[in-house]
Amino acid sequence: MSKVENWRALLGGRNTDEVVTKALVRDVQLPYGAGTMALITLDNGFDHTKPNTFGPNGLFALNGALSEIAERTDLAAVGVTGKPFIFAVGADLKGAAALSTREEALAIGALGHHVFRRLGELAIPSFAFVNGAAMGGGLEVALHCTYRTISSGVPAVALPECFLGLVPGWGGTQLLPRLIGPAKAIKLVIENPLSQNRMVKGKEAYELGVADAMFEPADFLEESLRWAARVVKGELAVERPSHDEDWDKTVADARFLVDMKLRGASPAPYRALDLIAQARTASRDEGFAAEDEALADLLMGDELRAGLYSFDLVQRRAKRPAGAPDRSLARKVTKVGVVGAGLMASQMALLFARRLEAPVVLTDLDQARLDKGVGYVHAEVDKLLGKGRVSADQANRLKALVTGSLTKDAFADADFVIEAVFEDMAVKKQVFAEVEAVVSAECVLATNTSSLSLTEMGAGLAHPERLVGFHFFNPVAVMPLLEIIRGAATDDATLATAFAVGKSLKKSSVLVKDAPAFVVNRLLTCFMGEVVTAVDEGTPLEVAEHALDGLGLPMSPFALLQLVGPAVGLHVAETLHEAFPDRFGVSENMAKLVAAGKPGVYRPDFTLDPEAVALFSGGASPSTAEQVRERVLAALAGEVRIMLDEGVVAAPQDIDLCMILGAGWPFHLGGITPYLDRTGIARPRFLSPGVASLPA
């Protein structure tokens, strides 16, 4: 029995739900008399909303097509492209989760290598025509080809495996660094996945050297075939740079940065770095065999299933927010008002202008603040122009859309007005009273409050039903979460409009009950409060600061405090203490830190500030790092249980989604509620046994 037959026997019937991506072959006569190309189109039979993926049967289909092509003697070249808008987006993740033995995991890695490498080892040149999204194994298919073209309209090129707890296992760690160099490869393989799974577009992929040529979408295939014909005829030589950089130093520097970010918590990025380091000297057989071993280990490891749970939340639940009203109730938003012109308000104004393409007017107390806010927006637009993210015409339109006014009369024809003023109830109530006096009866009033009660905020309004919470996270353009809060009086039309606007802003919105600090800030304050209390009791700050490093959180507690600002952290703690005095305390030492005007416990060079640290000294009951970790996790478990009992969100999955998107809870932990379930801290469990059984 051949290797392929063995793999078919082991894997062929493993995933009965596989949507098979077929390899449809047709002959194309290349221009300029260059001969015949066998053009393979990858197509699973669905439109672009169900992208091409590779399960075992899809790989067998491609292998069969390549076998037929290899037997032919009349071909000048072979090409691979995708169905409209999609090249291929990698392995079938449902099938990956269904693998139950290491033998099966090794087999799927070896099968992918066997099939894809044939594209680069035929007697004729191969061309990948990347016409649409190319991710994971889809990008690896292209990397195995001799040459690549890409459409400038491609929205996403990525190797997201490390994001899910895997490594690129079908050639990516070996072929990509040899093609574009280790530094650029590390960006695609490790840095981007660990930065909220960032994707690059077609133009950037071309500039990185992933593709040899780039053409416009309208005639992409025709131009790619002309280009390929010139290459086949020898009229065009493709030259690629050598990569003489210090390969070992590049990998070592990247390892240091991964340590800073994850502190050893997730194995996938480290395995990927090992493989990229090996790519410098390994033969193709050696490198691919090493990828097989790494992939098999990780497919059988803890992080994959946890990562797939997180991935499912972000890809599915985030797109169908629980409790959101019917979209048909949403009102059209043609003009936006923003109260305030500080940094947060200015970031929001830019986002509204870019995504809604509607006029946005800022107001503030004096002309200097207003000019600063509008100036910030214009400066950011200039940065986008400089980076090629917008054209000159688009930049001019965006600048024209964002204006300032010293009076709220400018909101008279606005459909949506959001405040971003100081976090003080009296101030916010005054703002909304002034806004309500000038806007129409249908205008939505939104608050960016991070912790205050909407119901109390709207108590004095003539129409409290049109007040909604619209809580962004900083930085506004980057953080994907939007907590949408329904007050006691908020009606369905207002809520539907808020969700529609959130979708237009390309945010993932979660419906949250009007409860103190909502979800993310409530749990982060709980988390931070336990760490600060441990320090107040006498635990050395450095011990408490690093007690939870093993989780791989994006920031340590006091680094997070430095980011949000001690004054903001203290205010939220005071708000929660007022609501729940038995669970949330207010640290006197934190108040001292704020009173001293310190930005946190770190100096600008991120060494500890002795004066700030001294403010926390004096306690006589120190804890060990393990004790700090246990008390933090126990407090989080207790607070999550209370939040679910209170109905702050519809289900545990919504808390997980909020923490992943708003607090950077690591993907590899699989959400905070299943993690607390698995560690045995949560009693009773938050989730069903099937989800909670994910490894800790």
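**Aromatic pairs and charged neighbours**

The structure holds 15 aromatic pairs. Keep in mind as you look around that this is a predicted model. A pair of aromatic rings is described by the distance of the centres and the angle of the planes, and two of the pairs make a good tour.

Let's begin with Tyr 147 and Trp 227. Their rings meet edge-to-face, with 6.2 Å from centre to centre and 80° between the planes. Edge-to-face is the right term here because the angle is over 60 degrees. Now trace the chain: Tyr 147 belongs to strand 7 (residues 147–151) and Trp 227 to helix 10 (residues 220–232), so this pair ties together parts that lie 80 residues apart in sequence. Tyr 147 is buried, and Trp 227 is buried too. If you look around these two rings, you will find Phe 127 and Phe 129, which form one aromatic cluster with Tyr 147 and Trp 227.

Next, turn to Phe 352 and Phe 472. This pair is edge-to-face as well, at 6.3 Å centre to centre and with 90° between the planes. Phe 352 sits in helix 15 (residues 343–356), while Phe 472 is found in the loop between strand 15 (467–471) and strand 16 (481–486). The contact links distant parts of the chain, 120 residues apart. Phe 352 and Phe 472 are both buried.

Finally, have a look at rings that have a charged partner. Where does Arg 8 lie with respect to Phe 60? Arg 8 is placed over the face of Phe 60, 4.2 Å from the ring centre. Further along, Arg 583 has its charged end over the ring of Phe 580, at 4.4 Å from the centre of that ring.

How values were computed:
Residues are numbered from 1 along each chain as its sequence is written. This is a predicted model: local features need pLDDT of at least 70, side-chain atom pairs count only at pLDDT 80 or more; totals for chains, interfaces and linings use all residues. Side-chain values use heavy atoms; hydrogens and water are left out. Rings of Phe, Tyr and Trp (its six-membered ring) pair if their centres lie within 6.5 Å; planes under 30 degrees apart count as stacked, over 60 as edge-to-face and the rest as tilted. Helices (H or I, at least four residues) and strands (E, at least two) are DSSP runs, numbered from the N terminus. Buried means under 20% relative accessible area, exposed over 50%, partly exposed in between (1.4 Å probe, protein chains only). A charge sits over a ring if NZ of Lys or CZ of Arg is within 6 Å of the ring centre and within 35 degrees of the ring normal.
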